[in-house]
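Please open the model in a viewer and set side chains to display as sticks. The tour below proceeds from one selection to the next.

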Amino acid sequence: MIPRRELPDIGEYVVATVREIYDYGAYVTLDEYGDRKAFLPWSEIATKWVKNIRDVIREGEKIVVKVIRVDRAKKEVDVSLKKVADADRRKKMMWWKRYVKAAKIVELVAESIGKSREDAYREVIWRLEDAYGDPLYALEEAVSTGGEALAKAGVPEEWINPLLTEVKRHIKIKEVSVRARLTVQSRHPDGVERVRRVLEAVANTLKAKGARFKLYTAGAPRYILEIYSQDYKTAETLLEEALKKAEEASKASDIVFKGEREKT
């Protein structure tokens, strides 16, 4: 990984690799900063007293540490392990794994189009990081929406199609679904036609949004509506719009309608 800055800031959480362990502390290298060496004092390893530092960390282990001192003149960094909460550790490690995956994908594309590793970071990775915070999120968006997600971040056009091709080999977007039970009932002589109009209104609303869905009978007057999306927020919004349209169409056709969101 090519670092954007020479040294981290005080208070920053960084991913580190444990290199050497002594009675007085340990030396780690900061993965995000070109494997720069940092010191982890014995007093900053655990919140409670430990007899042996190796009971907490071991050589070669990747950990998340918090920067507690930076001497920019001497280029020395001290870090703490005990000042990292579990939630912060998980969040940082997840971000790091995603960042590394995105960087590897972009580096593969750089090689295929005759670009350097430095070009990959300067022209793509850092621009995606600045625009989205998480470069992999930007690549996931590109899988869903196309090159626009990359172009918006300022990625040069020569990268976009090769990136889209490579990204689709490595990223499979997980799909989520929401489900609702619909009751659509009419006592009018032409009730079947009225019910059909309501169901068509639901289907047409979702088709207009480009949504993937299933609408099928569970035995009249009950129907099941399933909506699929890449995230629950979008799926829930689509479901809300579909149910609203069904209510409007039911009132217009003077029939009974009830929509119930199923819990998952």
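**Aromatic residues and their neighbours**

Begin by selecting Tyr-27: in this predicted model, its relative accessibility of 24% places it in the partly exposed class, since that class lies between the limits of 20% for buried and 50% for exposed.

Keep Tyr-27 displayed and add Lys-37, which lies over the face of the Tyr-27 ring at 4.8 Å from the ring centre.

Next, add Tyr-22. This residue also counts as partly exposed, with a relative accessibility of 33%. How many aromatic pairs does the structure hold? There are seven. One of them joins Tyr-22 and Tyr-27: the ring centres are 6.2 Å apart and the planes meet at 80°, so the arrangement is edge-to-face.

Now select Tyr-24 and Phe-39. Their rings form a tilted aromatic pair, with 6.2 Å from centre to centre and 40° between the planes. Tyr-24 is found in the loop between strand S1 (13-22) and strand S2 (25-30), whereas Phe-39 belongs to strand S3 (residues 36-41); the pair therefore ties together parts that are 15 residues apart in sequence. Tyr-24 itself is partly exposed, at a relative accessible area of 45%.

With these selections combined, view the four aromatic residues together: Tyr-22, Tyr-24, Tyr-27 and Phe-39 make up one aromatic cluster.

Finally, move to Arg-212 and Tyr-228. Here the charged end of Arg-212 sits over the Tyr-228 ring, at 4.3 Å from the centre of that ring.

Technical notes
Residues numbered from 1 in each chain as written. Predicted model: local features only at pLDDT ≥ 70, side-chain atom pairs only at ≥ 80, totals over all residues. Heavy atoms only, no water. Phe/Tyr/Trp six-rings, centres within 6.5 Å; stacked < 30°, edge-to-face > 60°. Buried < 20%, exposed > 50% of the residue type's maximum accessible area, 1.4 Å probe, protein only. Helix = DSSP H or I, 4+ residues; strand = E, 2+ residues; numbered from the N terminus. Lys NZ or Arg CZ within 6 Å of the ring centre and 35° of its normal.
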